[in-house]
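Welcome! Please look over the structure below, then work through some short exercises on its aromatic rings.

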Amino acid sequence: MRLFISALIVLAAIMVFVFLCYQNNKLDITKYTVKSENINDAVKIVHLSDLHSKPFYKVITEVKKINPDIIMITGDYINDKGRRVNKMLEFGKSLIDIAPVYYITGNHERRLDNFYEIMQSLRDIGFNVLLDELAETNIRGTSLYVLGLDENQASFEDYKARKNGTFKYKDESKLIDELCSKDGFKVLLSHFPENFALVNEMDYKKYPFDLQLSGHAHGGQFILPFIGPILSPGQGLFPKYARGSFGQSPMMIVSRGLGNAEFPFRLFNHPEIVVINAVKGDNE
């Protein structure tokens, strides 16, 4: 009987392990359509976020099939422990071979002791690293402006300060005003989705750009039936902005991310590639 019970325990442990591996590695592709009068010919954007030093090679295979015009990465590409940097640089080179990559930092990169060295390494492989910078490109006659925010809400002390209401947010208004002054399709890259509407000092939704892309929330880590996302840093329990799209003009799309940080498992919340087809039309 003891042997039978032991065998059942081992079998159950194996089944749980396999299930959790599946949850962490089953890749979902989520598609959105964004309309804008500033689009000339349709532009296909792939949005990736929160790899956390996971060289997720299936992502390369799928992004090749998608064949995007541009790839945008919204932070936490490198884990704050600086793990597997060389592998992530090789992974990044594979992305560059597919399409131009525009990248911003998340809270994890900002905790790195060798932050500027890694930013330079990413530039060296061809990433457009945007640290509070505005970039312009042209895709088949569509002028595309990408503002990458380096909000630097990074340290654990910052989390405590935000919780008790004493945190001093960076004033990004001049940069966003500059973005909004441009005549073209305007994209704001912000790691923190709560800055779209939940933080009064930021409130990015009040600006007339086209699209905000964000990550950070990991889809709420666990997504429970009839309840939804459970927990997100910066938003707490039952976060509003953990996945999906919000608003119309501007619209925010939040990626569930691809890797994990301190907590190693996802539940009913598969890693996600976001595909955005920006087409000509009225988005009101």
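The exercises below concern ring pairs and charges over rings in this predicted model.

**Exercise 1.** Classify the pair formed by the rings of Tyr77 and Phe91 as stacked, edge-to-face or tilted.

Solution. Begin with the count: a search of the whole structure turns up nine aromatic pairs. In the pair of Tyr77 and Phe91, the ring centres are 6.5 Å apart and the planes meet at 45°, so this pair is tilted. Next, place the two residues: Tyr77 is in the loop between β3 (70-74) and α3 (85-96), while Phe91 is in helix α3, so the pair ties together parts 14 residues apart in sequence. Finally, check burial. Buried means under 20% relative accessible area. Tyr77 has 0% relative accessibility, so it counts as buried. Phe91, also at 0%, counts as buried too.

**Exercise 2.** Do the same for Tyr103 and Phe127: find their geometry and say where they lie.

Solution. Their ring centres are 5.8 Å apart and their planes are at 50°, so this pair is tilted. Tyr103 belongs to strand β4 (residues 101-104), and Phe127 to the loop between α5 (115-125) and β5 (128-129); the pair links distant parts of the chain, 24 residues apart. Both Tyr103 and Phe127 are buried. To join the two exercises, note that Tyr77, Phe91, Tyr103 and Phe127 form one aromatic cluster together with Tyr57.

**Exercise 3.** Which ring lies under the charged end of Lys54, and which has Arg110 over its face?

Solution. Take Lys54 to start: its charged end sits over the ring of Phe56, 4.1 Å from the centre. Then turn to Arg110, which lies over the face of Phe115 at 3.9 Å from the ring centre.

Key:
Residues are numbered from 1 along each chain as its sequence is written. This is a predicted model: local features need pLDDT of at least 70, side-chain atom pairs count only at pLDDT 80 or more; totals for chains, interfaces and linings use all residues. Side-chain values use heavy atoms; hydrogens and water are left out. Rings of Phe, Tyr and Trp (its six-membered ring) pair if their centres lie within 6.5 Å; planes under 30 degrees apart count as stacked, over 60 as edge-to-face and the rest as tilted. Helices (H or I, at least four residues) and strands (E, at least two) are DSSP runs, numbered from the N terminus. Buried means under 20% relative accessible area, exposed over 50%, partly exposed in between (1.4 Å probe, protein chains only). A charge sits over a ring if NZ of Lys or CZ of Arg is within 6 Å of the ring centre and within 35 degrees of the ring normal.
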